Amino acid sequence: MHLNAASLGPTSRAMLAATIEAWRRLESSPVYMGYGKSGDDKVVIQADAVRGKAAALLGCDAEEIMITHGTTDGMNTVAQGIVLSAGDRILTTDQEHEGGSLCWEYRARRDGVTIDRIAILPTEFDALRIVWRFEQAITPATRIISFSHVITTTGLRMPVAEIAALARRRGILCVVDGAQAAGNIPVDVKALGCDAYATSGHKWLMGPKGTGLLYVSREADAQIVPIQWGDARRYGAEAAGVGAMTLVVGFGAALDAIRGWGMAAIERRNLDLRTRMYEGLREIEGLRVVGPPPGPLASAIVACALPDALDSRMVQQALHDRHGILVKMAEKRWLNGLRFSPHVFNTIADVDYTLRALRTELRPGS
């Protein structure tokens, strides 16, 4: 039983078939299928069309979208495409996944920029106070504010629009790690007002592993200039050389499936599953639920801290080996606990079964 879409989402048979068929056609005539700007049957043309589907998902223009290998790739692309100098400062949080933070640490080592981090406690659910803390941490040298749309450990929805507006008023770039958002909750990058937004195709969008999206707003073109962008608005998928065209075609099929379900319907279902998990975890003695209560700051992710006497890795392994349940062990630097991330393919019965299994594993002497 897969309750870990926040790590990797399973692909559908239709998406897998689309990927394999694209690969078959590409190899039937590699040069013809892999090059050129015309011909509806060409794999490269079909891959380039996926930018339009991605743009529709994120609420922007296709010319503002780049297909990437994942969120980390997108964040790295942004970080390397910005001119920074020694003394410049980057403002972020202490809850960032390495996929969204190592790019800035690289710039700090290479260029001497400084990284400032604000603390966000697992029990903090006050959006206004989070925005205030960002505001207080801004300095005259702050050039970038970078943070997650949905916190990877607790599932907290960050107040992106408010932080982006703050950044805009101060002339600061706003870069968002959307790994845990797209496909989990609706994302409209124009409404959010950020300058760049990176996300993965292989998590909540349930696309091929090794796919992702990067949005760079037209307004930020002069400040965020990735080498991969090249002349993408003129040459499309060919701008960065020969890419993973067959995976991108499969990614397009995954985006079609998401559009068929509808993000509003996906969000409702995910939150229903998450609320049941949240309430069930609260009733298990010895557990402490972390993350926001049901409401506007919640997403499909919910986590719990285990008693200190229990090791989260051992409990995670027991759930897998004895009950066939796959969940995420929370990163130890944040808490000794587990993270659950149900998605549309899960059911209430899956949640209830997992809660029963967890009670069994936490029973003294089990």
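Me: In what order do the strands of the open sheet run, and how are they paired?

Reply: Two strands pair if DSSP finds at least two bridges between them; strands (E, at least two residues) and helices (H or I, at least four) are DSSP runs, numbered from the N terminus. Here seven strands form an open sheet in the order β1-β7-β6-β5-β4-β2-β3, with mixed pairing. The edge strands, β1 (65-68) and β3 (114-118), each pair on one side only. This is a predicted model, where local features need pLDDT of at least 70, side-chain atom pairs count only at pLDDT 80 or more, and totals for chains, interfaces and linings use all residues. Residues are numbered from 1 along each chain as its sequence is written, and side-chain values use heavy atoms, leaving out hydrogens and water.

Me: How many bridges join β1 to strand β7?

Reply: Four, and the two strands run antiparallel. I67 has L213 in β7 as its bridge partner.

Me: Nice! How do I read an aromatic pair?

Reply: You describe a pair of aromatic rings by the distance of the centres and the angle of the planes. Rings of Phe, Tyr and Trp (its six-membered ring) pair if their centres lie within 6.5 Å; planes under 30 degrees apart are stacked, over 60 edge-to-face, and the rest tilted. That rule gives one aromatic pair here. The ring centres of F134 and F147 are 5.6 Å apart with planes at 55 degrees, so this pair is tilted. Because F134 lies in helix α7 (residues 127-137) and F147 in strand β4 (residues 142-148), the pair ties together parts 13 residues apart in sequence.

Me: Are F134 and F147 buried or exposed?

Reply: Both F134 and F147 are buried (under 20% relative accessible area; exposed is over 50%, partly exposed in between, with a 1.4 Å probe and protein chains only).
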